[in-house]
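Subject: Structure handover

Hi,

Here is the structure I promised to pass on. Have a look at it first, and my notes follow below.

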Amino acid sequence: MTHTAWVFPGQGSQAIGMGADLYDLPAASDKFAIAQDILGWSVPDVCQDPDDKVSNTLYTQPCLYTIESILVDLMRDRAPAPQVVAGHSLGEYVALYAAGVFDFESGLRLVKRRAELMSNASDGMMAAVIGFDRAQLEALISQTPDVVLANDNNDGQVVISGTPKAVDTVLEAIKAKRKVKLNVSGAFHSPLMAGAAIEFQSVLEAIAFQDAQVPVLSNVDPTPATDASTLKERLSQQMTGSVRWREISRRLPEEEIDHVIEVGPGKVLTGLIKRTAPSLALENVGSLADIDTLWPTVQRTPAND
């Protein structure tokens, strides 16, 4: 029996035109309408904006959440249910939706506020480091105040986050194949987001969480969990905590997962998981066409559209 994980990408995977074959799909129209009511703007319009409006944090996160949630709805009708779910940063919200922890509207209200708070952050910087010596990086981070390992993506790729001075100090000292400063508004997944996290907490506390229907591997703690209070507590720590994706990737085969489907635009997570857990079979679902290709025996009809 195949054991499958659904994983959901976060900010950075967005692209102009993402989800294009969903915009006029009757099965997706309710979600797009609900999103417009909550957000006050159209997800399809932003996704198609030629000036790359979708790459503005304020819009990126709600657009990704909406598109990926619609793909989840379509996959529920056609694909075998997953045994585990996980999401990278913003993607964790879609994972919780897929696991039945909250409904689409509740998740989108959380994501909307999260995006507003994160887009207003202006006190820090993030940078990707690729092809480096982990021991040297960890030593530099431990010796440098105000910088942390924000995204531990795999053995050869991480993102550091902190004050501009601290990030620059590490970048100047570390030997790496590539060092790339990211075009983001703040030091996400670091203690510099503490103020935003406190503001977010009041919104989070107002949303009711249900026990998950399948185990969730959280960013701040990659051990499987289904308990509602545990998942909410983990999510409350996510804005200031590290994304432990390398450990999540390692955990998948330990949970007897042998098949991973990345649900959302791009193939970022596929690449990260492939390096850490090469034995896993990997596939991508970023569109309705991808779903039709993977599960061709299920024919779409007006009834299930």
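Over how many bridges do strand 4 and strand 5 pair, and in which sense? The answer is six bridges, in the antiparallel sense. Keep in mind as you read on that this is a predicted model.

Those strands also make a hairpin, with two residues sitting between strand 4 and strand 5. If you want a spot to click on, V148 has S161 in strand 5 as its bridge partner. Strand 4 is mostly covered, too, with six of its eight residues buried.

Zooming out, the hairpin belongs to an open sheet of four strands. Its order is 4-5-3-6, and the pairing is antiparallel. Strand 4 and strand 6 (176-181) are at the edges with a single partner strand each, so one side of each has no neighbour in the sheet. On average, neighbouring strands here are turned by 20° against each other, ignoring direction. At the strand 6 end, strand 3 and strand 6 pair over five bridges, again in the antiparallel sense. There you'll find V129 opposite K179 in strand 6.

Now the pocket. The largest pocket has a volume of about 710 Å³. It is lined by 32 residues, and the closest to its centre are Q11, G12, N151, L182 and V184. Several elements give two or more residues to that lining: helix 3 (57-78), helix 5 (104-119), strand 3 (125-132), strand 4 (147-154), strand 5 (157-162) and helix 11 (268-276). So you'll meet strands 3, 4 and 5 of the sheet again there. As for chemistry, the lining residues divide into 18 polar, 13 nonpolar and one charged.

Last, the cysteines. How many disulfides does the structure hold? Zero. A disulfide is a covalent bond between the sulfur atoms of two cysteines. For C47, the closest cysteine sulfur is in C63, 3.9 Å away, and that is too far for a bond. The cut-off used for a disulfide is within 2.5 Å. Looking from the other side, C63 has C47 as its closest cysteine sulfur, also too far for a bond at 3.9 Å. Are these cysteines buried or exposed? C47 counts as buried, because its relative accessibility is 0%, and C63 is buried as well, at 0%.

That's it from me. Shout if anything is unclear.

Cheers

Conventions:
Residues numbered from 1 in each chain as written. Predicted model: local features only at pLDDT ≥ 70, side-chain atom pairs only at ≥ 80, totals over all residues. Heavy atoms only, no water. Buried < 20%, exposed > 50% of the residue type's maximum accessible area, 1.4 Å probe, protein only. 1 Å grid on protein atoms, 1.4 Å probe; cavity = no way out; pocket = protein on both sides within 12 Å on 5 of 7 lines; lining within 4 Å. Points joined across faces, edges and corners; volume = space filled by probe spheres on them. Nonpolar A, V, L, I, M, F, W, Y, C, P; charged D, E, K, R; others polar. Pairing = 2+ DSSP bridges. Axes fitted to C-alpha atoms, helices over the stretch in contact; angles between N-to-C directions.
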